[in-house]
Amino acid sequence: MRRQRPLDTALDSPDQRRAPEQALCWMNGELMPASRARISVFDHGLLYGDGVFEGIRFYDGHPFRLQEHLQRLVLSTRALALRILYDNHELTEAVHDIIAACTFGSGYLRLVVTRGPGALGLDPASCPRPEVFIIADRLRLVDEQVLERGARLIIASTRRLPADGLDPRIKSLNYLNHILARIEANHAGADEAILLNGAGRVAEGTADNVFIVRHGVLLTPPPVEGALAGITRQVVLELAQEAGIPVRETPLAPYDLYTADECFLTGTAAELIPVASIDGRALPRCPGMLYRDLQQRFSALVELSGRAP
Ligand SMILES: Cc1ncc(COP(=O)(O)O)c(C=O)c1O
């Protein structure tokens with residue numbers, strides 16, 4: 001791996017020195033202000049969405065569940081026959097380097113691997129070198145108002161792509177059907193959209209997993225229903241098990257969401273968001289009791305991770 005230059009010497013002139021709170025980018029072993037990072041217009045990540053990514057939170061200077069994110073990234077790259085030049089140790093080091101260079105202690109990392117520059121045809125064989133970069137930025141937190149009143153969801157008419165079209169376990173740069181679902185939510189004045197799979201069962205949100213509570217049991221669709229195997233989802237399942245909350249990974253229909261006692265969303269950026277209504281059906285409890293319990297446990301875990309040595 002190329003050694004990085006110290007951030008401030010990588011800048012051209014004193015007036016380009018790092019502004020407080022500035023987003024940074026790690027690219028090919030070099031740290032720079034994110035505004036200076038450049039990608040080729042011939043990059044197949046841009047031309048065809050050919051690439052993968054991870055969104056990773058860091059709290060008080062410590063990345064949260066970094067190894068789980070790196071494992072998922074490696075599996076996504078293998079599924080796409082995308083060979084990256086950096087191994088786990090080098091990527092771990094790069095993540096720690098960029099966090100150390102940030103002026104803010106807590107924020108969000110976007111680790112992206114693209115197929116890299118190639119010819120204008122889509123054949124990946126024309127792309128000799130994948131591009132790897134990491135952006136570090138402060139997180140635009142979920143609207144306080146949404147956290148307090150709960151998110152209003154719609155069920156989108158846009159479906160999750162079938163697994164035999166694009167396996168949901170690949171966290172790819174292809175989010176167009178999720179974006180179409182999000183556009184539906186925006187037009188409906190909702191906060192988020194739920195995508196169904198081809199069979200009409202619940203898959204996930206546009207960038208989050210979905211949980212409901214019924215008669216004290218926590219229910220969530222298994223990834224095979226078309227959901228990303230979310231890392232926050234996994235943490236919540238572990239926390240529920242520790243707390244003795246019964247959990248079932250089971251297929252869910254829209255009916256199950258409409259008639260749930262509680263519903264919430266999970267994701268790296270979202271953390272845990274309570275849901276107030278789905279397609280105009282108000283849920284009886286928002287935020288619900290199990291949500292509050294799990295949210296407190298999640299905050300405690302995050303706080304602990306921020307204090308990790
Ligand atoms: C489609 C989708 N589902 C679920 C999630 C939540 O996954 P995680 O908890 O790993 O962030 C994400 C996160 O980006 C996502 O993009």
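With 309 residues, the protein chain would have a radius of gyration near 19 Å as a compact globule, and its value of 20 Å agrees with that. This is a predicted model. Along the principal axes, the C-alpha trace spans about 60 × 45 × 35 Å. The chain holds eight helices and 15 strands, and 40% of its 309 residues count as buried. Among contacts between residues at least 6 apart in sequence, 70% join residues at least 24 apart.

**Two helices and their faces**

Let us look at α2 and α8. Here are their spans side by side:

| Helix | Residues in helix | Span between end C-alpha atoms | Expected span at 1.5 Å a residue |
|---|---|---|---|
| α2 | 14 residues | 20 Å | 20 Å |
| α8 | 18 residues | 26 Å | 26 Å |

Helix α2 covers residues 66-79. Its buried residues are L66, H69, L70, R72, L73 and S76. Viewed down the axis of α2, the buried residues fall within an arc of 160°, so they line one face of the helix. A general point helps in reading such a pattern: an α-helix has 3.6 residues a turn, so residues three or four places apart point the same way. On the other side of α2, Q67 and R78 are exposed. What do the buried residues of α2 pack against? Their partners are the strands β3, β4 and β5 (107-114), together with the helices α3 (88-101) and α6. Just after α2, A81 adopts a positive phi of about 50°.

Now for α8, which runs over 289-306. Here L290, Y291 and L294 are buried. These three cover an arc of only 95° around the axis, which puts them on the same side of α8. The face turned away from that buried side carries the exposed residues M289, S299, A300, E303 and L304. The cover over the buried residues of α8 includes β10 (209-214), β11 (217-220), α6, β13 and β14. Helix α6 thus appears in both settings: it is packed against by the buried residues of α2, and it helps to cover those of α8.

**Around the ligand**

Helix α6 turns up once more at the ligand. Which element gives the most to the shell around the ligand? That is α6, with three residues. Both α6 (231-242) and β13 (262-267) supply at least two residues of this shell. Of the 14 residues around the ligand, L228, G230, I231, T232 and T268 come nearest. By class, the shell has three nonpolar, eight polar and three charged residues.

**Backbone details worth a look**

Some loops hold backbone features that you may like to find in the structure. The peptide bond from C286 to P287 is cis, with omega near -10°. P287 sits in the loop between β15 (281-282) and α8, the helix with L290, Y291 and L294 on its buried side.

Two aspartates have a positive phi, a value noted here in a residue other than glycine. For D60, phi is near 45°, and this residue lies in the loop between β3 (51-59) and β4 (62-63). Is D60 buried or partly exposed? It has 13 C-beta neighbours inside 10 Å, so D60 counts as partly exposed. For D279, phi is near 50°, and its place is the loop between β14 (271-278) and β15. With 14 other C-beta atoms within 10 Å, D279 is partly exposed too.

Technical notes
Residues are numbered from 1 along each chain as its sequence is written. This is a predicted model: local features need pLDDT of at least 70, side-chain atom pairs count only at pLDDT 80 or more; totals for chains, interfaces and linings use all residues. Helices (H or I, at least four residues) and strands (E, at least two) are DSSP runs, numbered from the N terminus. A residue is buried if 20 or more other C-beta atoms lie within 10 Å of its own, exposed if 12 or fewer, and partly exposed in between; C-beta atoms are placed from the backbone. A residue is near a molecule or strand if its C-beta atom, placed from the backbone, lies within 6 Å of it. Ala, Val, Leu, Ile, Met, Phe, Trp, Tyr, Cys and Pro count as nonpolar, Asp, Glu, Lys and Arg as charged, and the others, Gly among them, as polar. The radius of gyration is taken over C-alpha atoms; the globule rule is 2.2 Å times the number of residues to the power 0.38. Two residues are in contact if their C-beta atoms, placed from the backbone, lie within 7 Å. The expected span of a helix is 1.5 Å times one less than its number of residues. The arc is that of the directions from the helix axis to the C-beta atoms.
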